[in-house]
Amino acid sequence: MSFGASDSSSSCCKCKSGYTGNGENCFLQDESIIVRGRISAKINDITLDEQETHAYVHTLSYDARNYVALGRVGADIGNKITLLLPFTTPIHWLFAGDLANSSMNGFRLTGGTFSRQSESTLFDESGNKVGDIYISQNFTGLQQQGKELHMEADIVAKLPDLGAHEQVIYPDFAQLFELKDDEGELATRKAVHSSGSIKLKVTSIREPSVHKSYRLDYVDRIYFGVCPGLLADEMTRITPNVRVSTKRMFVTFTPSDGQARFSSANYIKPSDNQPDACEANTCSIYAECVADAESANGYYCQCKPGFDGDGFECK
């Protein structure tokens with residue numbers, strides 16, 4: 001039983017009032033969390049041992065942002081690691097903000113103790129396979145009196161080349177996470193499945209109007225233990241089957257320290273809700289999508305500061 005947990009009337013642990021988690025691992029609501037991890041990787045046949053990752057996460061329901069720093073790689077890999085989006089998505093799910101208090105994010109479901117297997121394939125705009133990513137992660141729960149979440153990961157990836165002046169742009173996207181029974185296991189074991197496609201673009205800093213399009217297809221499996229009584233009680237009020245919307249995703253690579261940095265805001269709602277119209281938007285990569293029920297497509301596009309246009313084309 002962790003910091004912030006208390007015994008319930010059953011055999012399950014339950015977080016104290018003002019804390020969030022699964023009872024075994026709890027932290028103070030709205031308090032920021034640090035994620036620390038060690039990574040072993042093989043990227044384009046180059047072995048990278050004992051890489052570090054760390055993330056700073058805001059957990060406010062209305063301000064659920066996270067900042068993830070990954071790797072210290074040399075010029076032989078360089079900015080290609082900005083294509084490793086699947087490494088960051090479990091953090092999106094774990095701490096996604098629930099504005100309606102109707103959904104269970106990953107931490108409330110698992111307490112940050114789970115294993116994850118992820119397989120992703122990259123395709124170019126002609127449909128040709130240009131890369132693949134295999135990730136095995138093990139999240140081991142909270143440390144430092146509920147202040148830090150620890151994890152370990154193995155990554156094997158073949159990634160397409162990126163020019164020194166090219167950068168990856170991720171439009172807003174959404175992922176579905178669905179609770180399943182872990183087949184062949186006891187009632188105390190559960191799984192979460194997630195699969196789908198995410199579109200991304202690569203553009204040049206020197207020629208921002210020119211870009212290449214890619215599609216990332218992914219299949220994720222997350223396995224964890226539960227206390228059946230507590231989970232059943234929680235599910236009478238909120239659902240673990242959720243849609244995680246990732247917005248304002250921004251990624252950079254700094255050659256001087258060899259790190260990729262990902263930042264985003266992430267929010268959840270029940271997966272049976274109607275999808276956000278912006279999740280399938282065709283806005284310019286230099287525009288923001290704004291949901292608007294009165295617009296023909298259910299949204300409109302607005303060029304970002306410093307750009308002009310109708311939102312579909314911004315210069």
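Good morning. I begin with a disulfide that joins Cys15 to Cys26, with a sulfur-to-sulfur distance of 2.1 Å. Please bear in mind throughout that this is a predicted model. The torsion about the S-S bond of Cys15 and Cys26 is about -85°, so this disulfide is left-handed. Cys15 sits in strand β2 and Cys26 in strand β4, which covers residues 26-28; the two cysteines are 11 residues apart, and the pair links distant parts of the chain. Are these two cysteines buried or exposed? Cys15 counts as buried, at 16% relative accessibility. Cys26 is also buried, with a value of 1%.

How many disulfides does the model hold in total? The count comes to 4. I shall discuss two more of them.

The next one is formed by Cys12 and Cys227, whose sulfur atoms are 1.7 Å apart. What is the handedness of this link? The torsion about the S-S bond of Cys12 and Cys227 is about -80°, so the disulfide is left-handed. Cys12 belongs to the loop between β1 (5-7) and β2 (13-15), while Cys227 belongs to the loop between β14 and α3 (228-234); the pair therefore ties together parts that are 215 residues apart in sequence. The two ends differ in their exposure to the surroundings: Cys12 is buried, with a relative accessible area of 3%, whereas Cys227 counts as partly exposed at 28%.

Cys227 also matters for the next residue I wish to mention, Cys13. Why does Cys13 have no bond to Cys227? The closest cysteine sulfur to that of Cys13 is the one in Cys227, and it is 7.4 Å away, which is too far for a bond; the cut-off for a disulfide is within 2.5 Å. Cys13 itself counts as buried, at 12% relative accessibility.

The last disulfide for today is that of Cys283 and Cys301, with the sulfur atoms 2.0 Å apart. With -80° about the S-S bond, this link is left-handed. Cys283 lies in the loop between β16 (259-270) and β17 (287-291), and Cys301 lies in strand β18, residues 299-303; they are 18 residues apart, and the pair links distant parts of the chain. Cys283 is buried at 7% relative accessibility, and Cys301 is buried at 9%.

I turn now from the cysteines to the strands, and in particular to strand β13, residues 189-204. Which strands are joined to β13 by bridges? Strand β11, residues 166-169, runs antiparallel to β13 and is joined to it by 4 bridges. Within this pairing, Ile169 stands opposite Lys201 of β13. Strand β12, residues 173-181, is likewise antiparallel to β13 and is joined to it by 4 bridges. Here Lys180 stands opposite Ala191 of β13.

Strand β14, residues 211-225, also runs antiparallel to β13, and 15 bridges join the two. Which residue of β14 is the bridge partner of Lys201? That partner is Ser213. Lys201 of β13 thus stands opposite Ile169 and is also bridged to Ser213 in β14.

To close, let me return to the link between these two topics. Strand β14 pairs with β13 through 15 bridges, and the loop between β14 and α3 holds Cys227, the disulfide partner of Cys12. Thank you for your attention.

Methods
Residues are numbered from 1 along each chain as its sequence is written. This is a predicted model: local features need pLDDT of at least 70, side-chain atom pairs count only at pLDDT 80 or more; totals for chains, interfaces and linings use all residues. Side-chain values use heavy atoms; hydrogens and water are left out. Two strands pair if DSSP finds at least two bridges between them. Buried means under 20% relative accessible area, exposed over 50%, partly exposed in between (1.4 Å probe, protein chains only).
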